[in-house]
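Me: I am new to this structure and should like to understand the terms used to describe it. Please set each value against its definition.

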Amino acid sequence: VYERRLALYDGVFDKNKSEWDVTPLPFNEVSYSYAHPSISEDGNTLYFVSDKPGGYGGTDIYRVVRRDSVWENPFNLGPVVNSAENEVFPFFKNNTLYFASNGHGGLGGMDLFQCTKTINGFSPPVNLGYPINSTADDFSLIATMDERNGYFASARNGNDDIYFFNKP
């Protein structure tokens with residue numbers, strides 16, 4: 001059985017060569033997947049998911065910080081965010097972590113949740129509810145700076161389609 005493992009890379013565009021210089025991130029391990037990266041605007045904080053051992057479920061959300069151009073060791077966001085199932089597609093904006101999970105309950109399949117960063121970690125996940133979530137898989141939310149507009153993916157019509165939202 002062939003298994004494909006995903007890895008995360010750092011890419012810098014070299015204008016002189018008109019090409020990308022791509023290097024794997026130092027914490028990748030070939031036996032596990034590292035996926036769904038979401039990087040801060042300053043490029044120094046990365047949220048991602050991995051199925052590496054030591055987590056709470058199938059895939060967990062991790063955070064890693066870059067200091068002085070060096071990536072530190074990633075750390076698991078813990079059992080408040082991560083469940084015994086799968087957490088995927090993290091997106092961090094304005095002190096809020098958005099992600100999809102099939103382990104925190106909801107309307108069905110994967111649902112979208114949000115947590116607020118606190119001094120001790122993150123607040124418990126809050127389901128974004130209907131009409132963002134449906135009885136199908138809903139995932140991969142991104143939002144504008146003011147979090148009033150954005151996009152997410154959903155299988156509510158039988159396929160993975162992209163939807164736009166606008167908060168009144």
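The exchange below proceeds from the whole chain to single strands and residues.

Me: What should be known about the model before the values are read?

Reply: This is a predicted model, in which local features need pLDDT of at least 70 and side-chain atom pairs count only at pLDDT 80 or more, while totals for chains, interfaces and linings use all residues. Residues are numbered from 1 along each chain as its sequence is written, and side-chain values use heavy atoms, with hydrogens and water left out.

Me: How many helices and strands does the chain have, and what makes a run count as one?

Reply: The chain has zero helices and 15 strands. Helices (H or I, at least four residues) and strands (E, at least two) are DSSP runs, numbered from the N terminus.

Me: Why does the radius of gyration of the chain agree with that of a compact globule?

Reply: The radius is taken over C-alpha atoms, and the globule rule is 2.2 Å times the number of residues to the power 0.38. For 168 residues a compact globule would have a radius near 15 Å, and the chain has 17 Å, which agrees. The box filled by the C-alpha atoms is roughly 45 × 40 × 35 Å along the principal axes.

Me: What share of the residues is buried, and what does the word require?

Reply: Buried residues make up 39% of the 168 in the chain. The word requires under 20% relative accessible area; exposed means over 50%, and partly exposed lies in between (1.4 Å probe, protein chains only).

Me: What area does the chain expose, and how many charged side chains does it have?

Reply: The exposed area is about 9,800 Å², of which carbon and sulfur atoms supply 51%. Such areas come from the Shrake-Rupley method with a 1.4 Å probe; for residues, only the protein chains shown count as cover. There are 13 positive and 21 negative side chains, where Lys and Arg count as positive and Asp and Glu as negative, His and the chain ends not being counted. The centres of the two sets lie 5 Å apart, each charge being placed at NZ of Lys, CZ of Arg, CG of Asp or CD of Glu.

Me: Why is strand 5 called largely enclosed?

Reply: Strand 5 covers residues 60-67, and seven of its eight residues are buried, so the rest of the structure largely encloses it.

Me: How do you know that strand 5 pairs with strand 4, and which other strands does strand 5 pair with?

Reply: Two strands pair if DSSP finds at least two bridges between them. Six bridges join strand 4 (residues 45-50) to strand 5, so the requirement of at least two is met, and the two strands run antiparallel. Within this pair, Phe48 has Tyr62 as its bridge partner. Strand 5 also pairs in the antiparallel sense with strand 7 (residues 75-76) over two bridges, with Arg63 partnered by Phe75. Strand 6 (residues 70-71) is a further antiparallel partner of strand 5, again over two bridges, and there Arg66 stands opposite Trp71. The hairpin of strand 5 and strand 6 has two residues between the strands, and Asp68 takes a positive phi near 50° in it.

Me: Why is Tyr56 called partly exposed, and which residues does Tyr56 touch?

Reply: Tyr56, in the loop between strand 4 and strand 5, has a relative accessible area of 41%, so it falls in the middle class. Not counting residues up to four places away in sequence, Tyr56 touches Asn76, Gly78, Pro79, Asn82, Ser83 and Ala84; contact means heavy atoms within 4.5 Å.

Me: What makes Asn95 notable for its phi, and where does Asn95 lie?

Reply: Asn95 has a positive phi of about 70° although it is not a glycine. Asn95 lies in the loop between strand 8 (87-93) and strand 9 (96-101), and at 39% relative accessible area Asn95 is partly exposed. Beyond residues up to four places away in sequence, Asn95 touches Cys115, Thr116 and Lys117.

Me: How do you know that strand 10 pairs with strand 9, and which strand does a hairpin join to strand 10?

Reply: Strand 9 and strand 10 (residues 111-118) share six bridges in the antiparallel sense, with Leu97 partnered by Cys115. A hairpin of two residues joins strand 10 to strand 11, where Lys117 stands opposite Phe122.
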